[in-house]
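The following exercises are to be worked with the sequence and the coordinates at hand. Each task is followed by a solution in steps.

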Amino acid sequence: MTRPDAIEWCDGSKAEYDRLMKQMADSGLAIPLNPEKRPGCYLFRSDASDVARVENRTYIAARSQEEAGPTNNWIDPDGLKETMKELYEGCMKGRTMYVIPFCMGPVGSDIARIGIEITDSPYVVANMHIMTRVGSKVLKALGEDGEFIPALHSIGKPLAEGEHDHGKWPCAPLDKKYISHFPEERTIWSFGSGYGGNALLGKKCLSLRIASVIARDEGWMAEHMLILSVINPAGRKKYIVAAFPSACGKTNLAMIIPTIPGWKVETIGDDIAWMKLGRDGRLYAINPETGFFGVAPGTSLESNPNAMKSLESDSIFTNTALTADGDVWWEGIGYEAPGKLIDWNGNEWEAGKAEKPASHPNARFTVAAAKCPAVAAEWEDPAGVPISAILFGGRRPDTIPLIHQARNWNHGVFMGSIVGSRITTAALDLKAGTVRRDPFAMLPFCGYNMGDYFRHWVDLGTRTQAGKLPEIFYVNWFRKTADDNWLWPGYRENSRVLKWVFERCDGEGKAEETPIGFVPALDAIDRPADVSAADMAELLAVDREGWLNEIESIRSEHYPKFGDRLPEVLIDELDGLEDRLKKM
Ligand code: OXD
Ligand code: MN
């Protein structure tokens with residue numbers, strides 16, 4: 001159907017990676033960075049139409065609209081296949097088709113899944129090498145009759161006889177981009193974009209949208225969560241997963257260096273967790289990926305030293321700026337732009353003179369997890385790590401305290417179901433100042449009806465003894481004062497909150513029982529230097545009026561979206577919360 005000029009089977013070797021990089025550098029698509037500054041690193045600049053995940057072009061083509069549910073773009077699978085087959089017809093002409101056997105999760109782990117991505121983008125192959133386990137070892141594990149998830153990808157830009165890209169990022173225009181999922185067939189078809197989650201099909205498409213459907217059917221969880229371990233001064237370790245909407249600092253938290261003496265954090269994953277009940281009744285998590293595809297702007301030695309150290313070599317940068325001496329630069333890197341730059345569009349850029357940022361706000365780095373100085377020794381353990389705590393969170397300048405702990409599992413599921421961030425600029429159909437709900441941070445990633453997904457979470461709580469389940473917490477690093485200043489310093493200081501979580505999982509850690517759950521006692525979390533006792537009191541207060549407004553918005557705007565698929569127990573939680581607050 002796609003009629004490539006050549007077909008290559010990817011073996012996942014370093015020689016293959018180096019060959020493709022050289023080829024892309026020769027053709028002008030990749031810019032090798034200065035080997036004295038960033039050895040083994042390359043910069044790519046994408047097309048202006050192809051800079052992020054395209055949620056309005058992402059489809060859950062389930063058999064029925066009801067199955068896709070109220071939060072997904074549904075489209076009839078037969079009609080979509082017709083449309084896409086036309087687009088795929090001859091779409092790889094003039095290009096090489098790469099066949100990428102890849103595994104999400106350690107090869108051989110009983111929770112791992114194999115996919116085969118077919119793509120005409122060598123950039124995708126190189127990124128898949130870093131983000132997944134690619135190649136011959138996967139084919140071997142697959143054997144003659146193993147199961148795999150087919151994932152077809154094309155950038156959608158065939159070349160006519162003698163035509164060349166001339167170093168320009170090839171892709172199709174926005175209205176021809178399709179990121180499609182066929183959940184019943186467990187198949188992915190992607191067309192027209194070469195960027196990130198649209199094109200690296202092991203990530204959001206397989207490991208979240210398709211995997212969430214498989215997980216529902218098989219009784220496990222595929223979640224948009226980081227995984228980390230916290231180690232106390234005595235050397236005891238606990239594992240925590242956390243789900244926050246995009247742009248809440250997941251990668252920073254996953255790699256945090258604590259400010260509290262004696263405490264350590266190690267990284268297992270920064271974006272996706274697959275979790276399964278173990279034989280001992282506890283919940284175990286693996287990171288299905290092998291790399292980080294992180295947002296570059298805002299990443300600095302201050303905000304995320306471990307990421308910065310990981311990026312010193314052998315990394316791919318996409319849409320950052322280029323310095324005169326062949327290094328990368330981005331807004332928030334922690335130092336001024338060193339003289340004139342070339343911006344992410346390839347134009348000259350000078351600080352103070354340019355109107356637009358030098359790097360795209362969604363510029364990315366791709367780097368192997370193994371390069372992170374904080375990576376845990378057990379990060380690839382095929383059995384996973386036992387989870388003690390689940391954190392939910394969002395950007396909420398008011399109402400939601402710095403941290404509170406659920407009363408029980410269903411209360412925790414309720415917390416997950418109301419996750420959201422207050423938006424500061426009007427977007428889509430939302431006014432600035434409203435809360436954009438992103439339940440479990442899975443809004444763009446749940447491959448089926450989200451009401452059923454809530455039920456899947458409720459059910460998990462009934463499948464093991466209560467004492468074996470993780471404790472659930474809601475965190476909010478983003479509280480502001482009335483005059484718009486941050487109440488909490490965030491970043492590395494968030495380790496103080498992790499310490500309280502650790503203690504609560506041990507049945508320690510001083511807490512007050514309140515209508516919204518357990519809140520730290522005023523002296524339970526050591527205060528950073530710039531947080532006064534009064535700030536702490538404000539950070540931990542139960543804002544009765546704020547919560548009653550919150551309940552009203554959940555009851556009238558959020559929950560009704562899910563109709564009769566909304567589990568009754570979540571309404572019970574909402575009612576219970578309201579009753580407790582009214583008695584306050
Ligand atoms: C991501 C996201 O790209 O969550 O990881 O948006
Ligand atoms: Mn993500």
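**Exercise 1.** Determine which residues M84 touches, leaving aside residues up to four places away in sequence, and decide whether M84 is buried or exposed.

*Solution.* Step 1: in this predicted model, the contacts of M84 are Y178, S180, W189, S190 and F191. Step 2: M84 belongs to helix α3, which spans residues 77-88. Step 3: the relative accessible area of M84 is 0%. Burial requires a value under 20%, and M84 is therefore buried.

**Exercise 2.** Establish how far M84 lies from M128 in sequence and in space, then describe how α4 is covered.

*Solution.* Step 1: M84 and M128 are separated by 44 residues in sequence, and their C-alpha atoms by 23 Å in space. Step 2: M128 is one of the buried residues of α4. Step 3: the helix as a whole is mostly covered, with ten of its ten residues buried. Among them are P122, Y123, H129 and M131.

**Exercise 3.** Identify the domains of the protein and characterise the contact between domain 1 and domain 2.

*Solution.* Step 1: the domain assignment gives domain 1 (6-30 + 54-218), domain 2 (223-290 + 377-582) and domain 3 (291-371). Step 2: between the C-alpha centres of domain 1 and domain 2 the distance is 32 Å. Step 3: domain 1 contributes 34 residues to the contact and domain 2 contributes 30 residues. Step 4: the two domains bury about 2800 Å² between them, with 55% of this area on carbon and sulfur atoms. Of the area that domain 1 buries against domain 2, T71, I111 and L208 supply 22%, more than any other three residues.

**Exercise 4.** Count the polar contacts and the salt bridges between domain 1 and domain 2, and find which element gives the most residues to the side of domain 1 that touches domain 2.

*Solution.* Step 1: there are 20 residue pairs in polar contact between the two domains, both residues being at pLDDT 80 or more. Step 2: α2 (65-68), β5 (96-104), α4 (122-131) and α7 (202-218) each supply at least two residues of the side of domain 1 that touches domain 2. Step 3: α7 gives the most, with eleven residues. Step 4: by character, the residues of this side are 16 nonpolar, eight polar and ten charged. Step 5: seven salt bridges are found across the interface.

**Exercise 5.** For the salt bridges of R565 with E66 and of R236 with D506, explain why each pair ties together parts distant in sequence.

*Solution.* Step 1: the closest N and O atoms of R565 and E66 are 2.9 Å apart. R565 lies in the loop between α14 (544-558) and α15 (568-582), whereas E66 lies in helix α2, so the pair joins parts 499 residues apart in sequence. E66 has 43% relative accessibility and counts as partly exposed.

Step 2: for R236 and D506 the closest N and O atoms are 2.5 Å apart. R236 lies in the loop between β12 (226-231) and β13 (237-243), and D506 in the loop between α12 (495-505) and β29 (511-514), so this pair ties together parts that are 270 residues apart in sequence. R236, at 42% relative accessibility, is partly exposed, and D506 is partly exposed at 26%.

Step 3: K203, K204, K250, D271 and E289 are joined into one network by salt bridges that share partners. Within the network, K203 pairs with E289 at 2.9 Å between the closest N and O atoms.

Terms used. Residues are numbered from 1 along each chain as its sequence is written. Chains are lettered from A and ligands numbered from 1 in the order in which they are written. This is a predicted model: local features need pLDDT of at least 70, side-chain atom pairs count only at pLDDT 80 or more; totals for chains, interfaces and linings use all residues. Side-chain values use heavy atoms; hydrogens and water are left out. Domain bounds come from an automatic or database domain assignment. Contact means heavy atoms within 4.5 Å. Buried area is the accessible area (1.4 Å probe) that two parts lose on being put together, summed over both. A salt bridge is a side-chain nitrogen of Lys or Arg within 4 Å of a carboxyl oxygen of Asp or Glu. A polar contact is a pair of N or O atoms within 3.5 Å; within protein, one must be able to donate a hydrogen and the other to accept it, and residues adjacent in sequence count only if both atoms are side-chain atoms. Helices (H or I, at least four residues) and strands (E, at least two) are DSSP runs, numbered from the N terminus. Ala, Val, Leu, Ile, Met, Phe, Trp, Tyr, Cys and Pro count as nonpolar, Asp, Glu, Lys and Arg as charged, and the others, Gly among them, as polar. Buried means under 20% relative accessible area, exposed over 50%, partly exposed in between (1.4 Å probe, protein chains only).
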